[in-house]
Amino acid sequence: LVLTDLVVPGTLQPVAMAHRIRAMRPDVPIIFMSGYSTSFDDPSLPLTEGENFVAKPFDLRHLQDVIARALAGTRRP
């Protein structure tokens, strides 16, 4: 599992990193987080709160739930 912020200064940008990871290992879950916005305008990377995106600030239990579902390969009910 990869948990990364959408904004990471001075490094490989997280969206590009996600595409590289998916090209090599499509089975690896990737969860993004951000304190800026739940809207992200990149059609190649749709984000859904509670599935592959967590808005900051977040409750630890919510993050644990999202991670558990991602590792189990299930979506939100």
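## A nonpolar patch on the surface

L1, L3 and L71 together make a nonpolar surface patch of about 270 Å². The model in which this patch appears is a predicted one. One member of the patch, L3, belongs to strand β1, which covers residues 2–5. L3 counts as partly exposed, because its relative accessibility is 34%. Over its whole surface the protein exposes about 5100 Å², of which carbon and sulfur atoms supply 57%.

## Overall architecture

The protein contains 2 helices and 3 strands. Read from the N terminus, these elements follow the order β-α-β-β-α. The chain has 77 residues, and 32% of them count as buried.

Contacts also link distant parts of the sequence. Among contacts between residues at least 6 apart in sequence, 44% join residues at least 24 apart.

## The nonpolar cores

The largest nonpolar core has 11 residues in all: V2, L6, V15, A18, I21, V28, I30, F32, L45, L47 and F53. Two or more residues of this core come from each of the elements α1 (14–24) and β2. Helix α1 provides the largest share, 3 residues. Another core, of 5 residues, lies apart from this one, and its members include I31, V54, V66 and A70.

I30, a member of the largest core, illustrates how such a residue is surrounded. Residues up to four places away in sequence being left out, I30 touches V2, A18, I21, R22 and N52.

## D5 and its surroundings

Strand β1 also holds D5. With a relative accessible area of 14%, D5 is buried, because the cut-off for a buried residue is under 20%. Beyond its neighbours within four places in sequence, D5 is in contact with P14, M33, S34 and K56. The C-alpha atoms of D5 and G35 are 8.7 Å apart in space, while the two residues are 30 residues apart in sequence.

One of the contacts of D5 leads to S34, a residue of strand β2 (residues 30–34). S34 is buried, at 4% relative accessibility. Neighbours within four places in sequence aside, S34 is in contact with D5, L6, F53, V54, A55 and K56. K56 is thus listed among the contacts of D5 and among those of S34.

## Salt bridges

The protein has 3 salt bridges. One of them joins K56 and D5, whose closest N and O atoms are 2.3 Å apart. K56 lies in the loop between β3 (53–55) and α2 (60–72) and D5 lies in strand β1, so this pair ties together parts that are 51 residues apart in sequence. The partners are placed as follows: K56 is partly exposed, with a relative accessible area of 36%, and D5 is buried, at 14%. The side chains of D5 and K56 also make a polar contact, at 2.3 Å.

A salt bridge is also formed by the side chains of R69 and D65, with an N to O distance of 2.1 Å. These residues are 4 residues apart in helix α2, so about one helical turn separates them. R69 is buried, with a relative accessible area of 11%, whereas D65 counts as partly exposed, at 38% relative accessibility. In the salt bridge between the side chains of D27 and R25, the N to O distance is 3.2 Å. D27 is exposed, with a relative accessible area of 53%, and R25 counts as partly exposed, at 46% relative accessibility.

Terms used
Residues are numbered from 1 along each chain as its sequence is written. This is a predicted model: local features need pLDDT of at least 70, side-chain atom pairs count only at pLDDT 80 or more; totals for chains, interfaces and linings use all residues. Side-chain values use heavy atoms; hydrogens and water are left out. Buried means under 20% relative accessible area, exposed over 50%, partly exposed in between (1.4 Å probe, protein chains only). Contact means heavy atoms within 4.5 Å. Accessible areas come from the Shrake-Rupley method with a 1.4 Å probe; for residues, only the protein chains shown count as cover. Patches are made of residues with over 30% relative accessible area and no salt bridge: like charges are joined within 9 Å, nonpolar side chains (Val, Leu, Ile, Met, Phe, Trp, Tyr) within 5 Å. A salt bridge is a side-chain nitrogen of Lys or Arg within 4 Å of a carboxyl oxygen of Asp or Glu. A nonpolar core is a set of buried Ala, Val, Leu, Ile, Met, Phe, Trp, Tyr and Cys residues joined through side-chain atoms within 4.5 Å. A polar contact is a pair of N or O atoms within 3.5 Å; within protein, one must be able to donate a hydrogen and the other to accept it, and residues adjacent in sequence count only if both atoms are side-chain atoms.
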